[in-house]
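Here are my notes on the structure, as short numbered points. Please read them with the coordinates open.

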Amino acid sequence: MPIRVVVADDDPGVRSALRAVLDEDSRFHVVGEAGSGAEVGVVAALEQPDVVLLDVRMPGGGIEAARAIAESQPRTTLVAVTASADAQVVAAMLAAGANGVLAKGRLNNLGDLVERCHGGEIVLATPSAAAGLRIFADNHRAAELRN
């Protein structure tokens with residue numbers, strides 16, 4: 001049974017390219033698309049996908065959308081795609097519940113990376129992955145100390 005995916009990006013060209021890569025791979029079935037944070041929440045609630053592949057910086061906020069989907073659909077795997085090399089973005093997406101943060105320029109093995117995330121792995125394929133993970137861990141430790 002194919003992994004059901006919703007693709008969300010505010011750039012129709014990027015959205016189309018992501019969909020094309022996944023459509024060519026028999027492991028996946030794209031069940032919906034969205035162009036904003038608000039729209040991806042609606043599409044994800046309607047389609048109940050296995051994976052939401054979403055842009056970090058889109059209208060309505062990719063990070064906020066990821067957080068809302070993680071809370072309302074805890075079985076859905078969240079995978080972020082970003083053009084940003086900002087370590088804070090990696091940390092924020094992990095804190096929002098994402099299993100993966102992938103650089104848009106490194107998507108030649110998109111299917112394998114999405115499948116690994118869906119299988120439970122944390123996949124950070126961005127130049128700032130290590131720094132983002134350190135920020136996430138430091139923030140987590142600081143929160144634990146406050147509690």
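1. One cut-off first. A residue is called buried under 20% relative accessible area and exposed over 50%, with partly exposed in between. Aspartate 9 comes out at 0% relative accessibility, so it counts as buried. Bear in mind that this is a predicted model.

2. Where does aspartate 9 sit? It is in the loop between β1 (3-8) and α1 (12-23). Its side chain makes a polar contact of 2.9 Å with the side chain of lysine 104.

3. The surroundings of aspartate 9 deserve a look. Leaving aside neighbours within four places in sequence, it is in contact with Val14, Arg15, Ala34, Gly35, Asp55, Met58, Val81 and Lys104. Lysine 104 is thus on the contact list and is also the polar partner.

4. Now the overall layout. The protein chain has 6 helices and 6 strands. Read from the N terminus, the order is β-α-β-α-β-α-β-α-β-α-β-α. The radius of gyration is 14 Å, close to the 15 Å that the globule rule gives for 147 residues, so the chain is as compact as a globular protein of that length. Its C-alpha atoms fill a box of roughly 45 × 30 × 30 Å along the principal axes.

5. On packing, buried residues make up 48% of the 147 residues. Take the contacts with a separation of 6 or more: 64% of them are between residues 24 or more positions apart.

6. On the surface, the protein chain exposes about 7200 Å². Carbon and sulfur atoms supply 52% of that area. As for charge, there are 13 positive and 19 negative charges. Their mean positions are 5 Å apart.

7. Helix α6 covers residues 129-146 and holds alanine 131. Is alanine 131 buried or exposed? Neither label fits: its relative accessibility is 28%, so it counts as partly exposed. Alanine 91 is 40 residues away from alanine 131 in sequence, yet the two C-alpha atoms are 8.5 Å apart in space.

8. Histidine 140 lies in helix α6 too. Its relative accessible area is 44%, so histidine 140 is partly exposed. What separates histidine 140 from arginine 57 in sequence and in space? They are 83 residues apart along the chain, and their C-alpha atoms are separated by 23 Å.

9. To recap the residues discussed: aspartate 9 is buried, alanine 131 is partly exposed, and histidine 140 is partly exposed.

Conventions. Residues numbered from 1 in each chain as written. Predicted model: local features only at pLDDT ≥ 70, side-chain atom pairs only at ≥ 80, totals over all residues. Heavy atoms only, no water. Helix = DSSP H or I, 4+ residues; strand = E, 2+ residues; numbered from the N terminus. Rg over C-alpha atoms; globule rule 2.2 N^0.38 Å. Buried < 20%, exposed > 50% of the residue type's maximum accessible area, 1.4 Å probe, protein only. Contact = heavy atoms within 4.5 Å. Areas by Shrake-Rupley, 256 points an atom, 1.4 Å probe, with all protein chains shown as cover. Lys, Arg positive; Asp, Glu negative; His and termini not counted. Charge placed at Lys NZ, Arg CZ, Asp CG, Glu CD. Polar contact = N/O pair within 3.5 Å; in protein donor to acceptor, adjacent residues only side chain to side chain.
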